[in-house]
Amino acid sequence: QVQLVESGGGLVQPGGSLRLSCAASGSIFSGSIFSISPMGWYRQTPGKQRTLVAQISSGGITNYADSVKGRFTISRDNAKNTVYLQMNSLKSEDTAVYYCNTPDGLFPWGQGAQVTVSP
């Protein structure tokens, strides 16, 4: 059973920062499976599709959507089966529920982490 658990969301003022974490668990991640899996962070707002905003390859190569480039940083700790998203210079339009998964959405979706950027 694969489980993705996102945490670290919250309410922050514009210009602020948050760090999201996503812990992956389940027998599929035993051994080195997580370390060879590309991972990504998505976000979704009400009535809109979930969109991929950052991804990281097994080798640590990163890629970002234009909307977050230069402000967000994705990283991973393979020893902890965890992927992170450091979000700086947050804007109101970053308000969304954030999820992690592989770039093709292979695993069951977690509950997500709500990020609200508001004065």
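Strand E4 and strand E5 (residues 51-56) run antiparallel to each other and are paired over five bridges. The model is a predicted one, and the description below follows E4 outward to its partners, to the loop before it and to the core.

Within the pairing of E4 with E5, Met39 has Ile56 of E5 as its bridge partner. The hairpin formed by E4 and E5 has six residues between the strands, and Gly47 there adopts a positive phi near 80 degrees. E4 also pairs with strand E9 (residues 96-101), again in the antiparallel sense and over five bridges, and in this pairing Trp41 stands opposite Cys100 of E9. The two pairings of E4 are set out here.

| Partner of E4 | Sense | Bridges | Residue pair |
|---|---|---|---|
| E5 (residues 51-56) | antiparallel | five bridges | Met39 and Ile56 |
| E9 (residues 96-101) | antiparallel | five bridges | Trp41 and Cys100 |

E4 is mostly covered, with five of its six residues buried. Trp41 is among the residues with the most contacts inside the largest nonpolar core, a set of 28 residues in which Leu20, Ile74, Val83, Leu85, Met87 and Tyr98 are likewise listed for their contacts. At least two residues of this core are supplied by each of E3, E4, E5, strand E7 (72-77), strand E8 (82-87), E9 and strand E10 (113-117), and E3 gives the largest share, four residues.

The loop between strand E3 (18-25) and strand E4 (39-44) holds Ile36, which counts as exposed because its relative accessibility is 55%. Together with Ile28 and Ile33, Ile36 makes a nonpolar surface patch of about 240 Å².

Notes
Residues are numbered from 1 along each chain as its sequence is written. This is a predicted model: local features need pLDDT of at least 70, side-chain atom pairs count only at pLDDT 80 or more; totals for chains, interfaces and linings use all residues. Side-chain values use heavy atoms; hydrogens and water are left out. Patches are made of residues with over 30% relative accessible area and no salt bridge: like charges are joined within 9 Å, nonpolar side chains (Val, Leu, Ile, Met, Phe, Trp, Tyr) within 5 Å. Accessible areas come from the Shrake-Rupley method with a 1.4 Å probe; for residues, only the protein chains shown count as cover. A salt bridge is a side-chain nitrogen of Lys or Arg within 4 Å of a carboxyl oxygen of Asp or Glu. Buried means under 20% relative accessible area, exposed over 50%, partly exposed in between (1.4 Å probe, protein chains only). Two strands pair if DSSP finds at least two bridges between them. A nonpolar core is a set of buried Ala, Val, Leu, Ile, Met, Phe, Trp, Tyr and Cys residues joined through side-chain atoms within 4.5 Å.
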